[in-house]
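Work through the exercises below with the structure open beside you. Try each task before reading its solution.

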Amino acid sequence: MSAVVVVGAQWGDEGKGKVVDLYAPYAHLVVRYAGGANAGHTLVVGGEKLILHLIPSGILHEETKCVVGQGTVIDPAVLLKEIRALGERGVSTLARLLISQRAHVVLPHHKLIDELREAKSDCAIGTTKRGIGPCYEDKVARRGIRMGDLLDGSRLGSNLEANLQAWRPVIKDLGGTLPDAELITAQYAELGDTLRGYIGDASAVVREAVESDQKILLEGAQGTMLDIDNGTYPFVTSSNAVAGGACAGAGVGPTHITRVIGIAKAYTTRVGGGPFPTELEDDTGQKLRDAGAEYGSTTGRPRRCGWLDLVALRYAVAVNGLDEIAITKLDVLSAVPELKVCIAYELDGQRLSHLPYEHIDAVTPIYDTLEGWDDELPSCRTRSELPIAAQRYLERIEKEVGCRIGLVSVGPDREDTADLRDPFYG
Ligand code: GDP
Ligand code: IMO
Ligand code: MG
């Protein structure tokens, strides 16, 4: 068998959706392993755009089964909306989509608490306000509601009451309106009923796929620098976005992971607060935002933009054990006359080639300047068809981070891709 992890190598929004859609025809199963509706994964096929928040990005391929694993947190109303939107496009999900009964449920008060906390400047981190943090808090505190609970009304009612006992004082303290337990129970039992045909033992299905030698693609959400343990804490999400998270989040043993592919933009973006050493708060940053349409797929917020940070990418290669990098949005750099890449940081007079544990907000990037190119790239289908300066840019990335580049994305559409190969063989 083989299992390949596709992981975000920066601060999210690297183009994981596009790449997973390209790799999915090579896989029997695509499994989302972490995060929730904070994610927004965009697929563009023949100019038509689809943004998925919870459903794996393999769903457009009829032969591929999609699983939402136990490491995720699910807002059932968002899931249902996504299923229905796909149905309206003629994409059937029944019998092809399985949601883990162990995945935790995002409840109305999770979203309320997330919003109220974000409204207080002393604890705001720029979350997506999708209730992700409070839901994972419940999971770790062992008082969460899981998707399987939605299928049993009386269990749901008693578990929910115990859960709310913990949150009522918090909500009161934040000045919010206390939730009505009975109303939530009724609403969520109904959602459970509607979704019944989709909820099941996902990790058993993944295990069977492993045992029957199937090919499994493990789809990450967010990115390495947003990982709860490896990211720029506390400005991170609340789950393990890194490749290691795929094992626990999907139910696959580490010895079954055969390859890890990191997705990175040809420059850097970040949404929300937190350190971003190569951020450009000037015209060049705005030009990247305009050329790359850098507005959040989930919240619509303008993304912060900056030069490619090779120190952060080097770190992502190490903590994910990347075998290969897929570079996206190379076309966005066309017509930028001079390109900078950050090859090291300076902190207190010292040159650092690795990410420091703290004071990331205090480092000064050390840049190398590379020649740009004018040509449009979307028609390039192999790396050798790229302008020489673009080839040099990719070679420099490989040299600095010690990892080879496989696929190169040169436009948002499925077609706009160079060097697409079977991800299971590299
Ligand atoms: P994800 O969260 O990692 O799946 O990434 P998002 O979908 O949030 O953001 C990536 C954005 O870039 C989407 O709007 C994609 O359609 C777009 N995109 C992906 N690859 C390319 C590319 O190579 N060039 C351009 N111009 N856009 C791209
Ligand atoms: P995809 O999968 C980019 C960011 C938020 C915020 C921090 C915490 O599309 O790459 P949260 O709502 O998770 O508690 O917010 O994480 N964030 C993302 N940024 N892409 C994402 O997902 C993100 N998911 C969360 O902006 O800074
Ligand atoms: Mg996104």
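The model used here is predicted.

**Exercise 1.** Decide whether G40 is buried or exposed, and find what G40 binds.

Solution. Start with the relative accessible area of G40, which is 10%. Buried means under 20%, so G40 is buried. Next, look at the magnesium ion (ligand 3): D13 (OD) and G40 (O) coordinate this ion, at 2.1 to 2.2 Å. Finally, place the two residues along the chain. D13 sits in the loop between β1 (2-8) and α1 (16-23), and G40 in the loop between β2 (29-32) and β3 (41-45). The two are 27 residues apart, and the pair links distant parts of the chain.

**Exercise 2.** Locate S239, classify S239 as buried or exposed, and list the residues that S239 touches.

Solution. S239 is found in the loop between β10 (215-219) and α8 (245-250). The relative accessible area of S239 is 5%. With the limit for buried at under 20%, S239 is therefore buried. Leaving aside residues up to four places away in sequence, S239 touches A34, G35, Y136, Q222, D227 and I228.

**Exercise 3.** Describe how α3 and α4 cross, and name the residues in contact.

Solution. The axes of α3 (residues 108-119) and α4 (residues 132-140) come within 7 Å and cross at roughly 125°. An angle between 115 and 145 degrees counts as oblique, so α3 is oblique to α4. The contact involves H110, I113, D114 and R117 on the α3 side, and I132, P134, C135, E137 and D138 on the α4 side. The crossing is right-handed.

**Exercise 4.** Repeat the analysis for α5 and α6.

Solution. Here the axes of α5 (residues 153-173) and α6 (residues 181-195) come within 9 Å, with a crossing angle of roughly 135°. These helices are therefore oblique to each other. α5 passes α6 in a right-handed crossing. Among the α5 residues that meet α6 are G153, L156 and G157; the α6 residues include A181, I184 and Y188.

**Exercise 5.** Give the strand order of the open sheet and identify its edge strands.

Solution. The sheet has 10 strands in the order β9-β7-β5-β2-β10-β1-β11-β15-β19-β20, with mixed pairing. Strands of a sheet pair through backbone hydrogen bonds, either parallel or antiparallel. The edge strands are β9 (199-200) and β20 (417-418), each of which pairs on one side only. Now take the β9 edge: β7 (residues 97-100) and β9 pair in the parallel sense over two bridges. I99 has I199 in β9 as its bridge partner.

Key. Residues are numbered from 1 along each chain as its sequence is written. Chains are lettered from A and ligands numbered from 1 in the order in which they are written. This is a predicted model: local features need pLDDT of at least 70, side-chain atom pairs count only at pLDDT 80 or more; totals for chains, interfaces and linings use all residues. Side-chain values use heavy atoms; hydrogens and water are left out. Two strands pair if DSSP finds at least two bridges between them. Helices (H or I, at least four residues) and strands (E, at least two) are DSSP runs, numbered from the N terminus. Donors are N, O and S atoms within 2.8 Å of the metal (3.2 Å for Na, K and Ca); water is not among the atoms, so sites may look incomplete. Buried means under 20% relative accessible area, exposed over 50%, partly exposed in between (1.4 Å probe, protein chains only). Axes are lines fitted to C-alpha atoms, for helices over the stretch in contact, and angles run from 0 to 180 degrees between N-to-C directions. Angles under 35 degrees count as roughly parallel, over 145 as roughly antiparallel, 65 to 115 as roughly perpendicular and the rest as oblique. A crossing is left-handed if the near helix is turned anticlockwise from the far one by less than a right angle, and right-handed if clockwise. Contact means heavy atoms within 4.5 Å.
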